[in-house]
Amino acid sequence: MKKTIKKNIQFLGIALVILMAGGFLCAQEKAADKATVPFSNPDEPGLVKVGVQHGSITVTGYNGKEVMVEARVREKLVTDEEIERNEKAKGLKLVQIDSTGLRVMEDENVMRISVSSYKQTVDISVRVPYATSVSISARENGDVKVENVNGEIEVTNHEGNIDLTGISSAVVAHAYNGEIKAVFKSVSPDLPMSFTSWEGDIDITLPADTKANLKMKSRQGEVYTDFDLQIVRNPDEGFDFDSDKLKNLKRENLRSFYYRTPPNPPEVPVVIPEKSIGDLKVSIREARDFVRGEYFDIAFNRYIYARINGGGPVYVFSSNEGDILLRKAR
Amino acid sequence: MTCSNIQERFVEYLTGQLSEKESEEIRAHVAECSDCRRELESLTEIWTKLGVLKEERPGDRLRTRFYSMLETYKLAEEEKIRKEREGLFSRLKNLWPRKPVFQFALTLGMLVLGLVIGNVWTVIPQQETVNTALADEVQTMRQTLAASLIDQGSASERLQGINMSYTLVDPDDKLLDKLLSTLNSDPSVNVRLAAVEALYLFHDHPKVKKGLIDSLSRQSSPMVQAALIDLMVSIRERRAVDALKSLLEQEDLNPEIKDRAEKGIQRLSF
């Protein structure tokens with residue numbers, strides 16, 4: 001019985017819906033909607049999911065047990081033209097309603113944060129216990145920032161940038177228009193990561209001793225790094241660009257050839273000409289051209305494969321137009 | 001260097017543990033000696049089947065799940081062996097003669113038979129069958145593990161599950177369905193992209209081919225659309241032309257995707 005009540009409290013009681021109708025037309029600073037919500041099991045690391053249609057999201061780790069949320073309306077998404085076109089409202093002034101419709105729901109250590117962002121831009125900032133994992137989704141009108149969070153991070157931002165600093169687990173991030181920037185304190189030794197973007201650059205700083213298998217490609221951009229790369233043949237398909245045999249094979253036979261090559265092939269040394277851009281000295285466009293050979297056309301998988309520090313979990317870096325910049329932390 | 005010397009080092013060669021100079025020696029030898037080449041090829045095939053592609057170090061959650069699975073499997077196996085043994089034992093008991101002379105004769109006969117069999121047996125290598133059975137089991141195990149990760153993990157764990165499916169030679173229908181539904185409905189673009197790459201490896205499967213074509217119209221992310229178009233072109237899937245044409249009719253289609261779809265149609269049509 002007690003348990004059911006507790007559960008109900010978790011479901012309904014903690015499901016806070018804060019609607020503050022602070023309709024102060026002449027207010028200088030818009031008031032923020034605030035909520036502080038504990039996890040149902042504060043001793044276990046929780047997961048925070050935040051989503052916004054129009055606006056920004058900032059998540060910061062802090063030394064505490066509760067999740068503190070603040071949401072603030074930045075602007076109304078009504079244009080002057082729209083107001084002027086409204087015949088009936090002629091002579092009247094637009095009343096700003098500053099409520100964000102903030103909503104926080106917690107169930108079994110998963111906290112969902114959302115706002116009603118219909119026709120308004122809302123900035124959300126969340127403080128979470130260090131160990132929390134976060135999953136963030138934003139679409140328009142704002143950047144996503146995550147700072148000092150030690151859990152896993154998943155981010156999608158359609159329009160704005162993604163900026164992650166002081167993080168120390170695994171990241172799965174996708175930006176469509178914006179850039180992805182991430183500076184790691186440390187990485188999880190066994191979790192894979194993935195960074196993908198359409199237009200923006202992907203700029204990642206990893207600890208110098210990170211062990212990883214890298215899969216990198218940019219269709220129109222370049223790949224730069226100051227890590228010592230051990231370029232390998234495509235380990236997934238055994239794409240054997242080194243072999244003279246391959247040249248004599250017909251297309252039909254190519255696939256079966258993939259399967260016959262050693263799945264974990266010996267490394268092939270590739271001489272990478274040095275170039276410099278800023279403090280990054282190596283460009284691997286040349287290596288990529290070498291990898292392509294004349295079979296580039298028929299190979300679906302166009303990644304550059306490389307190991308750093310002997311290899312580890314797979315990190316994917318993939319962009320359509322952006323550059324990929326992979327830096328050693330100093 | 002003799003053939004047996006060379007063959008001894010094949011495993012190290014395949015796992016990339018040899019130095020460049022040693023690898024070069026092996027390559028040079030294999031290029032000349034057809035016996036060794038055949039041996040290396042068959043070993044490579046087993047290797048691929050075993051799927052020892054990458055060294056994967058599982059996380060804690062993964063490890064717990066794996067061990068609980070292993071435990072269940074072990075219990076079931078033990079039970080099976082116990083039952084077999086009981087049946088065998090009672091049957092053997094009935095065969096045992098009652099008179100000591102016959103007992104002695106039987107024992108002697110058994111000994112001679114054992115020596116003969118033992119002699120013959122050592123000549124016939126059993127490696128092949130053992131390897132195949134082991135490969136099958138590893139395959140099943142990986143399959144289950146991959147499916148469970150894709151089902152319930154964080155984004156990073158879902159990627160881990162998909163990466164694991166890269167190493168399977170012949171995944172079952174259940175896993176293929178899972179990869180297809182991941183491609184269509186996973187919330188993360190990154191995970192959907194990884195699913196495209198995994199499904200590419202199994203595109204010969206009719207279900208996968210159809211699933212990939214159908215998926216074109218369901219994707220909203222240009223990243224995934226581009227990956228699917230590239231895939232269709234690279235596997236020369238002519239049936240995808242219609243799907244590409246209907247993609248072109250979509251409103252707000254990214255101009256670059258439009259361009260790539262048009263080029264794709266051209267390349268698939270001639």
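The following conversation concerns a predicted model, with attention to chain A and to one helix of chain B.

Trainee: How many helices and strands are there in chain A?
Mentor: Chain A has 5 helices and 24 strands.

Trainee: And what share of the residues in chain A is buried?
Mentor: Of its 330 residues, 42% are buried. As for contacts in chain A with a separation of 6 or more, 63% are between residues 24 or more positions apart.

Trainee: Let us turn to strand E4 of chain A. Which side chains point to which face?
Mentor: E4(A) covers residues 57–62, and its side chains alternate. Ile57(A), Val59(A) and Gly61(A) point to one face and are buried, whereas Thr58(A), Thr60(A) and Tyr62(A) point to the other and are not buried. In a regular strand, side chains alternate between the two faces of the sheet.

Trainee: Which strand is joined to E4(A) by 6 bridges?
Mentor: That is E8(A), residues 120–129, which runs parallel to E4(A). Within E8(A), Pro129(A) is the bridge partner of Tyr62(A).

Trainee: And what about E10(A)?
Mentor: E10(A), residues 144–147, is joined to E4(A) by 4 bridges, and these two strands also run parallel. Here Glu147(A) stands opposite Thr60(A).

Trainee: Changing topic, which residues of H9(B) are buried?
Mentor: They are Leu175(B), Lys178(B), Leu179(B), Thr182(B) and Leu183(B). These residues lie on the same side of H9(B), because they cover an arc of only 135 degrees around the axis.

Trainee: Which residues are exposed on the other side of H9(B)?
Mentor: Asp173(B), Lys174(B) and Ser185(B) are exposed there.

Trainee: How many residues does H9 of chain B have, and what is its span?
Mentor: The helix has 13 residues, 173–185, and reaches 18 Å from its first C-alpha to its last, close to the 18 Å expected.

Conventions. Residues numbered from 1 in each chain as written. Chains lettered and ligands numbered in written order. Predicted model: local features only at pLDDT ≥ 70, side-chain atom pairs only at ≥ 80, totals over all residues. Expected span 1.5 Å × (residues − 1). Buried ≥ 20, exposed ≤ 12 C-beta atoms within 10 Å, placed from the backbone. Arc of directions from axis to C-beta. Pairing = 2+ DSSP bridges. Contact = placed C-beta atoms within 7 Å.
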